[in-house]
Amino acid sequence: MTSLQWFRLLCPEFASIVDATVNQWLAVAASDVYAPCLSADDLARAQALYAAHMLKLSQDAASGIAGAIKSEREGDLSRSYGNLSGDTTLLGSTPYGLQYQSLTDRCFGATIMTRM
């Protein structure tokens, strides 16, 4: 599958965004995503997830939202935003970023040192 096909499959919330705009985000993601251990298909999926992550952050910033809704109260309307996963990294701020991180973690796992 191509990055655009993965994007359309994994990110239905962006269905109203035209392919030309999505392809621009995918081009940016392609220059930022480095995952040498992934197959071509997994790399396309990683680029799609990273593009969705950046697009979600962009939309949230434009609307003044700072993360996912963590809690909400109806009387005297109170709403708090933040990372639901407890992950305070930039990738932890969207579900797409968390999926991207999970996919690419296998390329940058821990190393084991042994004594000769």
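The disulfide between cysteine 37 and cysteine 107 is left-handed, because the torsion about its S-S bond is about -90 degrees. The S to S distance is 2.0 Å; a disulfide is defined as a pair of cysteine sulfur atoms within 2.5 Å. A search of the whole structure returned one such bond. The structure is a predicted model, in which local features need pLDDT of at least 70, side-chain atom pairs count only at pLDDT 80 or more, and totals for chains, interfaces and linings use all residues. Residues are numbered from 1 along each chain as its sequence is written, and side-chain values use heavy atoms, with hydrogens and water left out.

Cysteine 37 sits in the loop between α2 (19–32) and α3 (40–63), and cysteine 107 in the segment after α4 (95–104), so the disulfide ties together parts 70 residues apart in sequence. Helices are DSSP runs (H or I, at least four residues), numbered from the N terminus.

Accessibility was classed as buried (under 20% relative accessible area), exposed (over 50%) or partly exposed (in between), with a 1.4 Å probe and protein chains only. Cysteine 37 is partly exposed at 42%. Cysteine 107 is buried at 18%. Cysteine 11 is buried at 2%.

The largest nonpolar core (buried Ala, Val, Leu, Ile, Met, Phe, Trp, Tyr and Cys residues joined through side-chain atoms within 4.5 Å) holds 25 residues. Phe7, Phe14, Tyr50 and Tyr100 touch the most other members. Two or more residues each come from α1 (3–10), α2, α3 and α4. The most, nine, come from α3.

Beyond its neighbours within four places in sequence, tyrosine 100 contacts Val33, Tyr34, Ala46, Leu49, Tyr50 and Leu91. Contact means heavy atoms within 4.5 Å.
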